[in-house]
Amino acid sequence: MRRVLVANRGEIAVRVIRAAHAAGIEAVAVHSDADAEGQWVRLADAAVHIGKSAAAKSYLNSAALVEAAVSTGSDAVHPGYGFLSERPGFAKEIGDAGLTFVGPAVSTIEMMGDKAAARGAAERADVPIVPGSPPVATVDEAVAAAEDVGFPVLLKAAAGGGGRGIRPAHTAEELAEVLPAAQAEARSAFNDDSIYLERAIVGARHVEVQVLADGHGNVVHTFERDCSVQRRRQKLIEEAPAPGLAPETRQRINDAAVRLARQVGYVGAGTVEFLLTPDGEFFFIEMNTRIQVEHPISEVVTDVDLVAEQLRIAAGLPLSFDQDDVSLDGAAVELRINAEDPDNDFQPTPGNLSRLDLPGGPGVRVDTGFVAGDRISPFYDSMIAKLICFGPDRDVALARARQALSELHVDGVPSTVATHRRLLDEPELRTGAVHTRWLEGLC
Ligand code: ADP
Ligand code: ADP
Ligand code: MG
């Protein structure tokens, strides 16, 4: 691999360009009208304008991206996260153009991108799944399935993602009411109206396992992350390792993720997401077939460069280490610094980033694609930066996060900085006693 096109923007584009350069690979950036001045554009060896500001006309325009890769002589395309990263059609177009997609096979993306199909794969791998149903088409079917599964249930779009396409139903009446709306929403948002049901697991934590698999039969995990602090079913704070996990549970959940990756012939970096109940039972919810937003916390506690491994795997090389080489060292926390209004259900608040003072010092890593003076665009997601703090143990990591937050200043747009300052002092967060609806209960 000599040159990789990075089909993304913001901090993840910067992250991939850095990994490419470290591996001696040239990096090509892409940008829309709105992003001509992006930091990733400056860092790359070349940059291609791919279209207008609306995502549909640029970062979601697969033809423009493939054309940019071909015209710049790139041999590979890294999709980052979001946008086209989990669209099997995009991976296929890249392959058809004779280029390498940095990610798993088209058929794997297809199967795991359908959450109902992914549940089937988990069952075959002997990985416990949340009690649930196959896709349901009619209200009668849904009500019968829900009575089997047990209320309350969640209606989930099989093709959903990014916290979208999930609705609760507590009774048969409520289910009858929300099913048609869920189907319509799934059709317009994901172009697929397939809905299935899962029992809503109350009081559980979101624990996910990072896996890496190469094309030579090696499948490893780099331990788990706890991402229970969520708003709108999307993560706001993540930790590695999961606090308070019994060693035996850690082993079982990490093994389960590796077993699933093996079962589906996985190649690449991926994340297997679970819900973990207070008594140590866990259930598979979905697999994300891409690099994840919160990957840095795993990197700093295992000393594995996940993006570098993605590039190695895509180049056909074996992983640079074995499972036995991976151990947990210390603890890390990631705080998502978003342009959002915490007083208005964390709705995005785009605008001019007039000031961005970033913290530093031992155990502090900031991943961002922006500098003061940049615009947080209404066209894309609201993340400004990821603040990753780590240390020899969880208390040190959290203390460093508090100090880093006191140095971090964002002006021009409302942000989640003040929320993080407050949350880090909450007793449940200090002790690690949070669950997926904890934050919503506080707001
Ligand atoms: P992670 O799973 O890596 O923690 P998020 O759930 O925050 O990440 O999603 C990462 C990005 O990808 C966000 O910008 C989110 O909006 C976007 N995203 C993820 N899945 C989808 C999807 N199916 N459709 C649209 N956007 C998505
Ligand atoms: P997405 O593809 O949008 O990330 P997920 O299926 O991973 O969707 O669900 C998003 C979040 O919703 C999870 O992290 C968890 O907090 C919550 N959730 C998902 N399934 C369940 C469930 N069966 N019971 C309770 N909470 C759930
Ligand atoms: Mg998820």
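This short presentation describes the surroundings of two ligands and a magnesium ion in one structure. Please keep in mind that the model is a predicted one.

I begin with ligand 2. Twenty-two residues surround ligand 2, and those that come nearest are Lys115, Lys156, Gly163, His206 and Gln230. Two of these also appear among the polar contacts that I wish to show. At Gly163, a backbone N or O atom lies 2.6 Å from an oxygen atom of ligand 2. At Gln230, an N or O atom of the side chain is 2.6 Å from an oxygen atom of the ligand. A nitrogen atom of ligand 2 is also in contact, with a polar side-chain atom of Glu198 at 2.9 Å. The protein buries 95% of the 550 Å² that ligand 2 exposes when taken alone.

Which elements give two or more residues to this shell? They are strand 6 (153-161), strand 7 (164-169), strand 8 (195-199), strand 12 and strand 13. Strand 6 contributes the most, with 4 residues. By residue class, the shell around ligand 2 holds 7 nonpolar, 7 polar and 8 charged residues. Domain 2 (132-199) and domain 3 (205-442) both supply residues to the shell, and therefore ligand 2 lies between them.

I turn now to the metal. Which residues coordinate the magnesium ion, ligand 3? The donors are OE atoms of Glu273 and Glu286, at 1.9 to 2.1 Å. Glu273 belongs to strand 12 (residues 268-276) and Glu286 to strand 13 (residues 282-288); the two are 13 residues apart, and the pair links distant parts of the chain. Both glutamates are buried. Strands 12 and 13 are also among the elements that give two or more residues to the shell around ligand 2.

Finally, ligand 1. Of the 14 residues around ligand 1, the nearest are Gln234, Gln292, Glu294, Arg336 and Asp381. Three side chains make polar contacts with oxygen atoms of the ligand: Gln234 at 2.7 Å, Arg336 at 2.8 Å and Gln292 at 3.0 Å. Ligand 1 on its own exposes 560 Å², of which the protein buries 79%. The shell around ligand 1 comprises 2 nonpolar, 6 polar and 6 charged residues.

Where does ligand 1 lie with respect to the domains? It lies between domain 2 (132-199) and domain 3 (205-442), because both give residues to its shell.

To close, domains 2 and 3 both contribute to the shell around ligand 1, and both contribute to the shell around ligand 2. The magnesium ion is held by Glu273 and Glu286.

Definitions and conventions. Residues are numbered from 1 along each chain as its sequence is written. Chains are lettered from A and ligands numbered from 1 in the order in which they are written. This is a predicted model: local features need pLDDT of at least 70, side-chain atom pairs count only at pLDDT 80 or more; totals for chains, interfaces and linings use all residues. Side-chain values use heavy atoms; hydrogens and water are left out. Donors are N, O and S atoms within 2.8 Å of the metal (3.2 Å for Na, K and Ca); water is not among the atoms, so sites may look incomplete. Buried means under 20% relative accessible area, exposed over 50%, partly exposed in between (1.4 Å probe, protein chains only). A residue is near a molecule or strand if one of its heavy atoms lies within 4 Å of it. A polar contact is a pair of N or O atoms within 3.5 Å; within protein, one must be able to donate a hydrogen and the other to accept it, and residues adjacent in sequence count only if both atoms are side-chain atoms. Accessible areas come from the Shrake-Rupley method with a 1.4 Å probe; for residues, only the protein chains shown count as cover. Ala, Val, Leu, Ile, Met, Phe, Trp, Tyr, Cys and Pro count as nonpolar, Asp, Glu, Lys and Arg as charged, and the others, Gly among them, as polar. Domain bounds come from an automatic or database domain assignment.
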